[in-house]
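Grab a pencil and work through a few exercises with me. Each one sets a task and then walks through the solution.

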Amino acid sequence: MTTSMMIVGVGGQGSLLASRLLGTLLTDEGYDVKVSEVHGMSQRGGSVVTYVRFGDRVYSPIVTRGECDCIISFEKIEAARYAACLKPGGRVIVNTQQIDPMPVITGAAEYPEDVLDGLRAQGVQVDAFDALSLALEAGSPRCVNIVLMGRFAAGFGVEKERWLAALEKVIRPRLLPINRIAFEKGWEART
Amino acid sequence: MMKRLMIGNEAIAMGLYHGGLGLVSSYPGTPSTEITEFLAKFDDLHSEWAPNEKVALETAFGASLAGLRAACAMKHVGLNVAADPLFTMSYTGVNGGLVICVADDPAMHSSQNEQDSRHYAIAAKLPMLEPADSAEAYVFAREALALSERFDTPVLLRSCTRMAHSQCLVETGERGEVPLKAYEKQPRKYIMSPANAIARHPLVEQRTQALRAYAEDCPFNRVEDAGSEIGIITCGTSYLYVKEVFGDSVSILKIGMPNPLPEGLIRSFAAKVKRLFIIEELDPVIETQVRAMGIPCTGKELFPILGEFSQAAIRRAFGMEELPAPAAPEVPVRPPMMCAGCPHRGMFYALAKHKITVLGDIGCYTLGSAPPLNALDSTLCMGASVSGLHGFNAARPEYAKKAVAVIGDSTFMHSGITGLTNVAYNATNSTVIILDNSITGMTGHQQNPATGFNIRGEPASKVDLEALCHAIGIRRVRVVDPYDLKACEAAVLEELAAEEPSVIISRRPCVLLKDVKRGLPLRVDPDKCRGCRRCMGLGCPAVSMKNGKARVDATLCVGCGVCRQLCAFDAIGGEEA
């Protein structure tokens, strides 16, 4: 049985690090893991998606239509962009932060404010919260990724200490304290 | 033995390292870049960024000739640049093992075309290996060096974006100690004059026959037997999607060595199954050869020639039902764009404002083609802006007053110098703008000969771009700060008006570089803002309109001040405002 996840957001928000944290934790837990990252052009402020799949034996590194158990979204409309990858009744953990894409900036399109209601109406379990504020409380807007991972981790069923051990493996020592705080804030935010 | 998650590129690097690699020379290119970056972490081998792929491959050739195990890594289009040495190195063969890692980009995540590098292996008569994931990549890369020496041939190691940038668990061993092989002068092997090359060509054909025999039971090709109903021949990451869809329910011939193909193995596999499918990304390279063997099969009539495969694409091709899923709400597209504070933006704004025809090049600045700047007229390949402008101006001399080339510092070092030499030598009145952001940007900040640092970040000889342009024969060379809009406009208009070729160096380091000091975010005074949208013409992600007024996103703004220069109402100010 393979579990499929997606970490989506805007290039530069740190989805790579989030996926490496998850990949490390899952490896430590003894799963077979595949993670597919995005590098290069699409990183430049574009929509980015990272796939994480785990189970006894995982083949494909990517997630396609109707396969995804959970999307972790760093931005509001990015959660909606990939919704067709979700299984019916799948879960979305989403940062309510809005980052205007270029068509909105230029006035060619409107930012769809109510996009999460559209997902809920289709039976998607939406867990929306303001991760940016928690990241700022932790000390840096760049910690949004780890706040979101904390929120996800709190419902994942692995002890917090094991997550923190994985965090230590993927984050440089200098940045560890602030990211620990960010992780804790995300963890505690889960209701 | 240790086991951990690695992206394909790290696994390739580890495989080469443990295979006794002594030198790597590469030019960055997504999705191949990290191979060389990982190798640069080791002290006991020579690593470098070369100015381009041709130089890189010739450097690796020299090291191999001297008896060292050598490699280079490049993206698919980089192999076009390196094709000249590649084809003749097939004739010379190697002394120390030599591996060329080439990374294709199906779906063009970060590329200008979707070419299939397997054609090069066939055309240059070279063995090619293609792993499906990181675990295989480690083993294949390590073995490729030994294979190279065993058959006296360069070996191509093909990957693709999905392999290069996907992690899986990899079991690694230890670095093997491979002593430098003896060097002796062998003119008939290494001087490819016609007489010697004529003598070498039959040896190349003999080598291909030997490799064909080897392919029949080499460790890279394998059969997974699961009955006679359906047989699938597949290669690279396509194998993973096939397994995802069919598990162990179909027979599979997994090709890990796409050139030369194992004809006997293919014939016996095909004979055992009722229906034979060939599932390969991009071109029908295996399929064409299987059909030439007279074996009936199904391939590209079902599986697309375009883009990247997935388990969904395989299911669709076999007519299986799509998995149920929620409908995705309509949301605006989010294309990549130049970063807030990108030093390219000011120059592009000046060019767009004066409706200049702009021949572009390969790099972050290709993003200047997007709205609202819409600043580019063409993008072809590395260096084509400069040589293309020369041809354009030769065809339409009046455009010398209204057309420019834009090229980054790294791309200029790669392939722009020769084009600029042609501008001077064959005298078109061309204006070339070098967008010098002091780094190779798009591929993720690699050093180059114009930055003053080597791959390890150590101080290195630095090309003096002004002096270089002068030496080529360009007399008018000027430097401008792209954060200064008036200076950009003046430089462009004056150099276009000049009656001789000129170079404008638009110089400011990439704002994402660690050492670049960022300014405080700017703010809009809503009382002064008239909502004229002039600042929106920059296409800066930090500037947007809310309720008829401009707004600056403080989390994105780096205070470059370009929007401030545009505001006619003095509504955009600094923190003190």
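**Exercise 1: An unusual backbone angle**

B:Ser438 sits in the loop between β15 (431-436) and α18 (465-472) of chain B. Helices (H or I, at least four residues) and strands (E, at least two) are DSSP runs, numbered from the N terminus. Before going on, note that this is a predicted model, where local features need pLDDT of at least 70, side-chain atom pairs count only at pLDDT 80 or more, and totals for chains, interfaces and linings use all residues. Residues are numbered from 1 along each chain as its sequence is written, chains are lettered from A and ligands numbered from 1 in the order in which they are written, and side-chain values use heavy atoms, leaving out hydrogens and water.

Task: find the phi of B:Ser438 and say how exposed B:Ser438 is.

Solution. Step one: phi of B:Ser438 is near 60°, a positive value in a residue other than glycine. Step two: recall the cut-offs, with buried under 20% relative accessible area, exposed over 50% and partly exposed in between (1.4 Å probe, protein chains only). Step three: B:Ser438 has a relative accessible area of 23%, so this serine is partly exposed.

**Exercise 2: Another positive phi**

Task: is B:Asp570 buried or exposed?

Solution. Start with the place: B:Asp570 is in the loop between α20 (562-566) and β21 (572-573) of chain B. Its phi is positive, about 55°, although B:Asp570 is not a glycine. Now the accessibility: B:Asp570 has 54%, so it counts as exposed.

**Exercise 3: A lysine in a strand**

Task: work out where A:Lys34 is and what its side chain meets.

Solution. First, A:Lys34 belongs to strand β2 (residues 32-36) of chain A. Next, its relative accessibility is 3%, so A:Lys34 counts as buried. Then look at the side chain: one of its polar atoms is 2.8 Å from the backbone oxygen of A:Tyr59. Finally, check the neighbours, where contact means heavy atoms within 4.5 Å. Not counting residues up to four places away in sequence, A:Lys34 touches residues including A:Tyr51, A:Arg53, B:Asp133 and B:Gln167.

**Exercise 4: Where the chains meet**

Task: how many residues of chain B are in contact with chain A, and how many salt bridges are there between these chains?

Solution. Begin with the contacts: 57 residues of chain B meet 57 residues of chain A. Together the chains bury about 4900 Å², with 60% of it on carbon and sulfur atoms. Buried area here is the accessible area (1.4 Å probe) that two parts lose on being put together, summed over both. On the chain B side, B:Gln167, B:Pro326 and B:Arg334 lose the most area to chain A, together 17% of what that side buries. Now count the salt bridges (a side-chain nitrogen of Lys or Arg within 4 Å of a carboxyl oxygen of Asp or Glu): there are 8 between chain B and chain A. B:Glu244 and A:Arg53 meet in a salt bridge through their side chains (2.9 Å, N to O).

**Exercise 5: Two cis bonds**

Task: which residues does a cis peptide bond join, with omega about 10°, and which with omega about 5°?

Solution. For about 10°, the bond joins B:Thr30 and B:Pro31, and B:Pro31 lies in the loop between β2 (23-26) and α2 of chain B. For about 5°, the bond joins B:Pro371 and B:Pro372. B:Pro372 is placed in the loop between β13 (357-359) and α16 (384-395) of chain B.

Key
A polar contact is a pair of N or O atoms within 3.5 Å; within protein, one must be able to donate a hydrogen and the other to accept it, and residues adjacent in sequence count only if both atoms are side-chain atoms.
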